[in-house]
Amino acid sequence: MPDGTAVDYDGLIPNNVGLADDARVRRALETWHPGYIDWWRQMGPEGFQDRLVYLRTAVGVGSEGWAKFGYVKMPDYRWGVLLAPAVEDRKIGFGAHKGEAVWQEVPGEYRAMLRRLLVIQGDTEPASVEQQRHLGATAPSQYDMRNLFQVNVEEGRHLWAMVYLLQKYFGRDGREEAEELLRRRSGDQDSPRMLGAFNEATPDWLSFFMFTFFTDRDGKMQLAALAQSGFDPLSRTCRFMLTEEAHHMFVGETGVQRIVQRTCDAMREAGIDDPMDVERVRALGVIDLPTLQRKANLHFSLTLDLFGNEISTNAANAFNAGLKGRYHEDRLADDHVLGSDTYPVLRLRDGEIVREDVPALSALNMRLRDDFVDDANAGVARWNRVLERSGLEFRLRLPHVGFNRRIGEFAAIHADTEGRLLSEDRWQAQRDTMLPTNDDNRYVESLMRPAHEPGAFASWIAPPTRGIDNKPGDFEYVKIEA
Ligand SMILES: [Fe+2]
Ligand SMILES: [Fe+2]
């Protein structure tokens with residue numbers, strides 16, 4: 001039996017779940033594998049599939065030394081099934097079954113709910129790969145190209161993680177869902193991905209960095225909530241996915257940070273102090289700060305929609321069932337049942353946004369969204385330190401949660417970035433000050449020219465302070481010459 005940390009690399013599918021001794025699931029996964037590779041070749045990164053990329057591959061699940069770096073062609077990446085080590089004597093931490101031993105099999109009464117949770121999470125993983133597939137050609141450096149591909153192969157592995165759970169625990173239904181996960185396509189008219197933000201285009205690298213900063217952070221919050229699950233295989237799966245997810249947010253946060261840095265440096269060199277002097281800033285070949293703010297407004301608001309309705313019985317049911325907890329559930333000091341607790345939620349009342357206490361159980365989506373906003377704000381503060389150091393007054397900030405929403409309480413209204421309600425006319429008149437304009441998008445697009453030489457960087461982004469795996473600045477992360 002696997003001890004839960006050693007990874008078996010001998011078979012087709014690296015794993016630490018004992019696939020060698022589990023013929024049924026191994027066969028199901030091996031049957032699914034060719035379809036996955038087809039999907040990867042069709043919908044994964046465009047170009048560069050036969051190039052060597054300096055990627056990390058998980059080789060263990062312990063806290064230290066879990067990954068090794070080396071050159072690999074993406075289609076040969078060892079996508080595996082990896083679970084974090086089991087916690088001995090683990091108990092369900094919340095809901096109606098609090099204190100009972102965690103489940104190693106799916107409880108019959110919760111089968112449908114659990115399957116739905118797995119499918120929704122699983123669907124986001126290939127979706128982001130599809131959204132990002134065109135970006136390799138315009139990578140602003142080899143370092144960034146490598147990071148893009150790293151994120152892509154790991155999202156692919158996250159799909160494997162969910163497909164394993166579906167095939168292992170849901171029999172024929174699970175196999176059908178696994179096929180469907182390869183069939184849906186981001187942005188497709190007839191067969192789109194399940195969630196809105198995963199059907200939006202990621203047309204340029206600024207969008208990519210904003211996406212990994214905001215939308216991968218939604219992924220982190222969802223995984224953290226599922227890592228609390230009383231269904232132990234799901235908890236262990238998500239705990240390991242979170243170690244990979246951290247890198248995705250690092251890519252987003254430092255990507256934007258380096259853009260801000262480059263813009264500040266170029267403005268200083270040119271003697272421009274006014275960030276609103278957009279024309280002169282753009283003439284320097286860097287991205288002006290107001291455009292960065294509008295892009296952040298867009299990606300933040302799209303990502304908030306992923307948390308669903310403010311008041312949700314689904315979320316309450318999943319919590320009661322012990323399937324999906326709160327962020328850091330195991331560190332919270334309350335009864336973890338929430339029978340009579342309340343939670344403050346922003347709602348629309350008589351044309352005004354007001355704070356209202358509602359039963360905590362029905363406000364779990366909101367609570368997770370609030371935790372997300374706090375987490376995102378910490379990253380924004382780190383962006384602002386660059387602006388501070390550069391002596392500029394300008395600060396980036398997150399818009400009000402009611403701004404530009406399509407799901408939940410605020411879908412019915414227009415609000416500005418401060419949360420003031422706007423009429424349709426006012427919204428139309430102000431929209432272009434708050435969301436990226438066609439002109440912004442065209443300008444960013446015009447900057448998307450590749451810098452594919454080792455050590456070269458596009459005009460609009462600063463080099464990183466440190467290389468991946470401590471490699472020097474001119475390291476060849478992608479062997480672009482065949
Ligand atoms: Fe993921
Ligand atoms: Fe991710």
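# Briefing: a two-iron site, its surroundings and some backbone details

With a relative accessibility of 2%, Leu338 counts as buried. The model that holds this residue is predicted. Two iron ions lie 3.5 Å apart in the structure, with Glu155 bridging them. The largest pocket has a volume of about 1100 Å³, and one cavity of 30 Å³ or more is present.

**Iron ion (ligand 1)**

- Glu125 (OE), Glu155 (OE) and His158 (ND1) coordinate the iron ion (ligand 1), at 2.1 to 2.2 Å.
- Along the sequence, the donor residues of this ion follow the pattern E-x29-E-x2-H.
- The pair Glu125 and Glu155 links distant parts of the chain: Glu125 sits in helix 2 (residues 111-131) and Glu155 in helix 3 (residues 142-169), 30 residues apart.
- Are Glu125 and Glu155 buried or exposed? Both are buried.

**Iron ion (ligand 2)**

- The iron ion (ligand 2) is coordinated at 2.0 to 2.2 Å by Glu155 (OE), Asp216 (OD), Glu245 (OE) and His248 (ND1).
- Its donors are spaced E-x60-D-x28-E-x2-H in the chain.
- Why is the arrangement around the iron ion (ligand 2) irregular? The four donor atoms subtend angles of 90 to 170°. A tetrahedral assignment would need all angles between 85 and 135 degrees, so the arrangement is classed as irregular.
- Glu155 coordinates both the iron ion (ligand 2) and the iron ion (ligand 1).

**Helix 6 and its residues**

- Two of the donors of the iron ion (ligand 2), Glu245 and His248, belong to helix 6 (residues 232-270) and are three residues apart, about one turn of the helix.
- Glu245 has a relative accessibility of 3% and therefore counts as buried.
- His248 is likewise buried, because its relative accessible area is 0%, where the cut-off is under 20%.
- His247 is also found in helix 6.
- At 11% relative accessibility, His247 falls within the buried class.
- Between His247 and Val72 the separation is 175 residues in sequence and 19 Å in space, C-alpha to C-alpha.

**Largest pocket**

- The volume of the largest pocket is about 1100 Å³. Its lining is made up of 48 residues, and those closest to the centre are Ile120, Leu195, Gln222, Leu306 and Lys324.
- Which helices each supply at least two residues of the lining? They are helix 2, helix 3, helix 5 (205-226), helix 9 (313-320) and helix 10 (364-389).
- Among these are helix 2 and helix 3, which hold Glu125 and Glu155 respectively.
- Sorted by class, the lining of the pocket has 20 nonpolar, 15 polar and 13 charged residues.

**Largest cavity**

- How many cavities of 30 Å³ or more does the structure hold? The count is one.
- The largest cavity encloses about 30 Å³ of space.
- Tyr9, Thr57, Ala58, Tyr77, Arg78, Gly80, Leu82 and Arg157 form its lining.
- By class, the lining residues of this cavity are four nonpolar, two polar and two charged.

**Cysteines**

- With a disulfide taken as a pair of cysteine sulfur atoms within 2.5 Å, the count comes to zero.
- Cys238 is buried because its relative accessibility is 0%, where the limit is under 20%.
- Cys264, at 2% relative accessibility, also counts as buried.

**Positive phi outside glycine**

- Phe48 is a residue other than glycine with a positive phi, near 65°.
- Phe48 is located in the loop between helix 1 (23-43) and strand 1 (52-58).
- The relative accessibility of Phe48 is 17%, so this residue counts as buried.
- Leu338, not a glycine either, has a positive phi of about 65°.
- Leu338 lies in the loop between helix 9 and strand 3 (342-349).
- As stated at the start, Leu338 is buried at 2% relative accessibility.

Note on methods
Residues are numbered from 1 along each chain as its sequence is written. Chains are lettered from A and ligands numbered from 1 in the order in which they are written. This is a predicted model: local features need pLDDT of at least 70, side-chain atom pairs count only at pLDDT 80 or more; totals for chains, interfaces and linings use all residues. Side-chain values use heavy atoms; hydrogens and water are left out. Donors are N, O and S atoms within 2.8 Å of the metal (3.2 Å for Na, K and Ca); water is not among the atoms, so sites may look incomplete. Helices (H or I, at least four residues) and strands (E, at least two) are DSSP runs, numbered from the N terminus. Buried means under 20% relative accessible area, exposed over 50%, partly exposed in between (1.4 Å probe, protein chains only). On a 1 Å grid over the protein atoms alone, a cavity is a set of points where a 1.4 Å probe fits but cannot get out, and a pocket is an open set with protein on both sides within 12 Å along at least five of seven lines; lining residues have an atom within 4 Å of a point. Grid points are joined across faces, edges and corners, and a volume is the space filled by probe spheres set on the points. Ala, Val, Leu, Ile, Met, Phe, Trp, Tyr, Cys and Pro count as nonpolar, Asp, Glu, Lys and Arg as charged, and the others, Gly among them, as polar. Four donors count as tetrahedral if all angles lie between 85 and 135 degrees; four count as square planar and six as octahedral if opposite donors are over 155 degrees apart and all others between 65 and 115; anything else is irregular.
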